[in-house]
Amino acid sequence: MTKPVALSANSLIKTFGGLTATDNLSLSVETGEIHAVIGPNGAGKTTLVNMLSGEMRPDAGNILFNGRDITRMAGPARVRAGLARSYQITSIFRDFTTLENVMLSVQATQGHSFRFWKPVSRDTSLIDPARALLERVGLGDRMEVRAGDLAYGEQRQLEIAISLATEPTFLLLDEPMAGMGPEESQGMITFLRALKGDYTMLLVEHDMDAVFALADRITVLVYGKVIATGARDDIRNDPAVREAYLGEEEIV
Amino acid sequence: MDYVLLTEQVLNGFQLGIILFLMAAGLTLVFGIMDLVNLAHGSMFMIGAFVGGTFALLTGSFVLGVILMVPAMLVIGVVVEMTTLRTLYPRDHLDQVLATFGLILFFNEAVRLIWGPEGLVVPLPDYLDGIVSLGFGITYPVYRIVIIVIGLLVAFGLYLLVGKTRIGMLIRAGASNRTMAGALGVNIPKLFSIVFGIGAVLAGLAGLIITPITQAAIGMGEDVLILAFVVIVIGGIGSIRGAFIASIVTGLIDTLGRSFLDVLLLLFLPANAAESAGPAVSSMLIYILMAAILFFRPQGLFPPKGAQ
Amino acid sequence: MNALKNPANMFTAVVMVIFALTPFVAPAIGETFYVTVFARIMIWGIAAVSLNLIMGYGGLISFGHAVYLGIGGYTVGILAFHGVTNAWIQWPLAIGLSGLIALIFGAISLRTKGVYFIMITLALAQMIFFLSVSAERYGSDDGLNILARSDFGVSFFSLEDKMTMYYTIFAFLVASVLVSWRLVNSRFGNIMRAAKSNDARVQSIGVATYRYRLTAFVIAGIMCGIAGLLQANFERFVSPDMMNWPRSGELIFMVVLGGMSTLFGPVTGAFVFLMLSEILAGWTHHWHIIFGPFLVLVVLFARGGIAGLLAPKSRRE
């Protein structure tokens with residue numbers, strides 16, 4: 001009995017000049033699971049995420065989202081189809097308040113924005129959902145703070161909240177733990193675990209504790225190639241994977 | 001088909017292209033390496049014309065004027081760079097545009113104060129003021145050929161400088177990755193001063209060698225500047241090779257367009273429409289070209305590899 | 001009114017009051033030329049407000065914005081030349097043409113960013129400038145005189161009357177600030193400001209920012225075209241110099257001087273810039289030699305403009 005596939009990448013190839021960043025990469029993410037992608041630096045993980053989110057086009061291969069071929073689809077259109085992404089390097093609107101950041105994202109889901117008269121600051125159809133989402137994410141008491149002034153961990157949370165506000169079905173999370181200390185990471189792990197069931201997730205991460213705490217299945221990438229993919233515990237115990245990557249982690 | 005006229009206009013186009021190249025080369029270097037939008041580059045063109053022209057008139061020798069202009073422009077360029085432009089490197093492009101716009105106003109007015117509003121007439125020495133026969137019944141002014149030759153020599157010199165010398169290597173490194181170059185111990189401030197100085201000399205040379213034909217006038221640099229920017233955008237910012245090709249192409253299209261566009265339009269339009277549309281469209285031709293190129297290839301024709 | 005507590009807004013409010021009262025006060029103190037000066041400043045103010053829409057709030061630095069002054073102005077001028085003085089024909093045409101050309105130029109320019117954008121807007125504007133210089137029939141370099149102002153065909157409203165002309169300009173200035181205010185705070189303005197702050201992120205939440213920028217560009221072009229048709233009417237004269245690139249540079253300068261991306265900045269900027277030019281020109285013929293370095297100093301040390309000096313924000317732009 002095969003589970004439905006939310007997102008699949010098939011034989012993706014991407015080269016930059018002489019460098020092959022993605023080498024015949026195929027993976028599939030089942031609906032409802034958390035699928036982690038791990039691998040050493042330079043393995044092409046961010047290139048993969050960029051191709052899935054639409055910021056880069058693969059040179060060959062295709063990408064299917066809920067059965068639909070989205071390979072040629074522009075980034076904004078993918079978001080409207082339900083595929084959202086968060087960034088490894090925090091990408092928020094620093095001069096807007098936390099609430100305004102999420103309000104903008106909510107606005108983006110409510111059809112076009114060619115509305116020129118009514119002020120946004122009094123628009124409850126934007127304020128209320130944004131408030132609710134921020135409460136859920138744990139930033140309820142930081143809503144009026146300028147986003148650029150938030151603590152680093154809070155900015156990472158806001159980063160994800162912005163993506164969540166677009167009401168996606170699928171989340172591409174590019175190193176959500178990046179730059180976090182142990183306490184903040186634990187908070188993020190708990191938060192992501194709580195999202196499971198509502199969203200299918202593809203998680204690119206270096207933090208192995210987070211990966212083994214969250215992932216259902218894992219794909220291992222080395223030099224742009226998939227060297228292993230399977231259930232969490234199978235991957236954890238796979239000797240080839242240990243040698244290529246997890247062994248490396250132990251040295252570090 | 002009037003081959004004599006055609007040849008003459010092709011050569012004129014080439015000559016215009018050379019002048020544009022001298023401007024564009026300095027501009028693209030400064031922009032590509034220092035990431036500085038310098039609207040006052042046109043002022044260097046004008047200052048070279050006035051300063052060099054004054055030397056020529058004082059010494060009685062045009063050639064001496066050109067020779068003395070070089071160190072003068074080098075000094076002026078370096079002084080401007082060290083006093084004002086240096087503060088602009090960390091600023092965003094808008095600030096640079098505005099500040100250098102202010103410099104233009106200042107330089108134009110300074111020139112007016114020193115030389116008066118009438119401009120400067122720099123006559124050609126007799127031995128350059130002739131006409132030469134190129135065969136097939138085609139004659140062409142000697143001086144314009146001299147301009148083309150000077151330009152080609154400068155282009156070759158730049159090619160040697162950037163491609164084969166140590167300084168050239170530093171310039172290319174700076175264009176490619178300024179932070180890395182700095183981290184590797186290259187004296188960036190000194191490099192920038194040198195690059196700017198070279199740009200100022202090239203612009204001054206362009207301004208000076210055009211004065212026997214067009215006279216030195218206040219504000220003469222601005223129109224050439226805009227064309228030069230169009231050239232480097234077409235050619236790819238930071239690329240001297242791109243600047244050369246784009247300059248020649250631009251010069252040819254502009255000149256040939258002005259000469260022959262009304263003839264071409266006569267094929268499609270009635271006579272009086274072609275006659276009035278001709279000059280109007282030909283002055284727009286270059287910008288239409290630029291718009292078209294940017295539409296399909298926003299980074300220009302020859303963007304240097306590795307540059308942002 | 002809370003907003004007036006901000007000294008920068010207070011300054012602008014005073015300026016607006018001065019504008020409103022001048023046609024009454026100036027003749028009384030025997031200095032009627034102020035009416036002319038302020039009418040000019042107000043026209044520039046409208047143009048500056050339109051530029052601020054795309055530059056201050058959108059981050060799009062257009063070095064060819066003055067071209068829309070020329071388009072609006074020349075439409076009126078050329079139609080008047082051919083005997084068409086009906087405002088109901090002239091004005092919609094001027095507005096429509098400004099919008100159309102803004103659409104075309106915007107579609108080309110917005111495919112680029114940063115310096116490329118600046119240079120392309122400049123070059124496209126130059127194209128129209130040279131077109132008008134080469135149009136010998138319509139005066140070329142020397143410009144075109146306009147004998148009769150736009151005629152609305154009603155006896156109670158005629159632009160030939162000085163007061164009517166002045167207050168029409170004033171009304172459009174107020175309207176442009178009002179439109180600017182609503183626009184910036186609307187959903188549309190929200191997208192523009194977010195795109196200026198972080199364009200990639202706006203796209204990654206599903207918004208194709210290009211079409212919003214293009215719309216803003218067209219709105220700004222239309223608003224500036226209106227300033228142009230007002231200028232043609234007021235001066236009874238149009239020339240290529242109303243859209244040369246130094247004009248565009250001056251417009252940018254006014255916006256920065258007043259305080260970029262503030263609502264009233266452009267009006268303040270136009271006022272201070274033009275008053276300063278008038279005063280300096282009175283002192284010396286060579287006032288540019290002072291003005292040039294002044295611009296440089298403002299850029300280097302007073303980047304937030306007058307608004308920044310009077311009411312420094314606790315957060316940086």
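**Close-up views of chain B and the nonpolar cores**

**View 1. The fold of chain B, element by element.** Chain B holds 11 helices and 2 strands. Please keep in mind that this is a predicted model. Starting at the N terminus, chain B follows the order α-α-α-α-β-β-α-α-α-α-α-α-α. Its radius of gyration is 20 Å, close to the 19 Å that the globule rule gives for 308 residues, so chain B is as compact as a globular protein of that length. Along the principal axes, the C-alpha atoms of chain B fill a box of roughly 60 × 50 × 35 Å.

**View 2. Inside and outside of chain B.** Of the 308 residues in chain B, 53% are buried. If you look at contacts between residues at least 6 apart in sequence, 79% of those in chain B join residues at least 24 apart. On the outside, the accessible surface of chain B is about 13000 Å², and carbon and sulfur atoms account for 70% of this area. Chain B also carries 13 positive and 15 negative side chains, with 19 Å between the centres of the two sets.

**View 3. The largest nonpolar core.** This core has 256 residues, and the ones touching the most other members are Leu192(A), Leu39(B) and Phe19(C). Helix 2 (residues 33-55) of chain C gives the most to this core, with 16 residues.

**View 4. The surroundings of Leu39(B).** Leaving aside residues up to four places away in sequence, Leu39(B) touches Val97(B), Thr100(B), Phe101(B), Ile104(B), Leu225(B) and Phe229(B), as well as Phe63(C), Met119(C) and Trp245(C).

**View 5. Another core.** Apart from the largest nonpolar core lies another core, of 23 residues, including Leu12(A), Phe65(A), Leu202(A) and Val204(A).

Methods
Residues numbered from 1 in each chain as written. Chains lettered and ligands numbered in written order. Predicted model: local features only at pLDDT ≥ 70, side-chain atom pairs only at ≥ 80, totals over all residues. Heavy atoms only, no water. Helix = DSSP H or I, 4+ residues; strand = E, 2+ residues; numbered from the N terminus. Rg over C-alpha atoms; globule rule 2.2 N^0.38 Å. Buried < 20%, exposed > 50% of the residue type's maximum accessible area, 1.4 Å probe, protein only. Contact = heavy atoms within 4.5 Å. Areas by Shrake-Rupley, 256 points an atom, 1.4 Å probe, with all protein chains shown as cover. Lys, Arg positive; Asp, Glu negative; His and termini not counted. Charge placed at Lys NZ, Arg CZ, Asp CG, Glu CD. Core = buried A, V, L, I, M, F, W, Y, C linked by side-chain atoms within 4.5 Å.
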